[in-house]
Amino acid sequence: MTTPDPDSPAGFVSYVKERITEPGARSDLRSGLGKPVELSPRMHRVIAWKVHARAGSAMERAHYGVAALIASRTRQARDREPATESGGRSLGQALAAAVNHSGLRDNTAEGRLHLLVRQNLDGVHRQLIAVIRLLDARGQEPDWVSLLWDLARWESDRDRIAQRWLQDYYRTLRRASDTTSPSPSPDTSNES
């Protein structure tokens with residue numbers, strides 16, 4: 001396994017996961033949960049140097065938001081290997097995996113996802129807290145890099161991201177039900 005470029009989003013996520021093993025850093029990152037960057041002064045000490053000064057406010061908010069979400073996870077969730085591989089999957093796929101493999105009720109996941117995709121930038125950051133807690137409780141986690149990119153583009157491309165999350169959710173649920181339901185037997189009633 002190759003080490004991600006430290007300046008890439010994957011490198012940033014790896015850095016945050018390393019830093020949250022330190023109680024002070026974890027607390028500082030958690031302090032910005034659901035808040036805009038300007039209301040998260042304690043986070044600067046830990047990650048300001050990892051976010052490029054010319055990143056733009058949307059990318060900066062995405063970095064701070066994802067760092068706070070990662071730090072907010074329970075110790076059990078941080079220590080446990082995810083129930084399924086999270087690499088490259090959208091938030092919709094992560095929720096569907098929680099339904100398919102971890103006992104999350106479909107109507108709960110679907111309701112949370114529909115609420116989430118209707119939010120503005122502030123709302124999506126606040127609503128993600130509950131969604132990540134649902135995933136944690138079911139041994140799932142999102143692909144943090146994918147989530148970071150989606151949050152960075154939320155204001156400019158929300159409709160397309162929402163569409164992808166919803167389609168990924170329903171497609172992943174359908175694929176699982178297609179593989180678990182028995183195939184129909186051929187109709188032999190017309191044979192003589």
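This text follows helix 4 through its contacts with three other helices and then turns to a pocket that helix 4 helps to line. The model is predicted.

Helix 4 spans residues 57–72, and one of its partners is helix 2, residues 23–30. The axes of helix 2 and helix 4 lie 8 Å apart, and the two helices pack at an angle of about 125 degrees. Helix 2 is therefore oblique to helix 4, since an angle that falls between 115 and 145 degrees is neither roughly perpendicular nor roughly antiparallel. The crossing of this pair is left-handed. On the side of helix 2 the contact is formed by Arg26, Leu29 and Arg30, and on the side of helix 4 by Ala67, Ala68, Ala71 and Ser72. Sorted by class, the contact between helix 2 and helix 4 holds 4 nonpolar residues, 2 charged residues and 1 polar residue.

Helix 1, residues 9–19, also packs on helix 4. Here the axes come within 10 Å and cross at roughly 35 degrees, and the crossing is right-handed. Helix 1 contributes Phe12, Val13, Val16 and Lys17, which meet His63, Ala67 and Ile70 of helix 4. This contact is made up of 5 nonpolar residues, 1 polar and 1 charged. Ala67 of helix 4 takes part in the contact with helix 1 and in the contact with helix 2.

The third partner considered here is helix 8, which covers residues 121–137. Helix 4 and helix 8 have axes 11 Å apart and pack at about 20 degrees. Helix 4 is therefore roughly parallel to helix 8, because angles under 35 degrees count as such. Helix 4 passes helix 8 in a right-handed crossing. From helix 4 the contact draws on Arg61, Ala62, Gly65 and Leu69; helix 8 supplies Leu121, Asp122, His125, Leu128, Ile129 and Ile132. By class, the contact of helix 4 with helix 8 counts 6 nonpolar, 2 polar and 2 charged residues.

The pocket comes last. The second largest pocket encloses about 210 Å³ of space. Its lining consists of 13 residues, and those nearest the centre are Asp7, Lys50, Val51, His52 and His63. Helix 1 and helix 4 each provide at least two residues of this lining. The lining of the second largest pocket comprises 8 nonpolar, 3 polar and 2 charged residues. His63 links this pocket to the helix packing described above: His63 is among the residues nearest the pocket centre, and His63 is also one of the residues of helix 4 that meet helix 1.

Notes: Residues numbered from 1 in each chain as written. Predicted model: local features only at pLDDT ≥ 70, side-chain atom pairs only at ≥ 80, totals over all residues. Heavy atoms only, no water. Axes fitted to C-alpha atoms, helices over the stretch in contact; angles between N-to-C directions. Helix = DSSP H or I, 4+ residues; strand = E, 2+ residues; numbered from the N terminus. Parallel < 35°, antiparallel > 145°, perpendicular 65-115°, else oblique. Left-handed = near helix turned anticlockwise from the far one by under 90°. Contact = heavy atoms within 4.5 Å. Nonpolar A, V, L, I, M, F, W, Y, C, P; charged D, E, K, R; others polar. 1 Å grid on protein atoms, 1.4 Å probe; cavity = no way out; pocket = protein on both sides within 12 Å on 5 of 7 lines; lining within 4 Å. Points joined across faces, edges and corners; volume = space filled by probe spheres on them.
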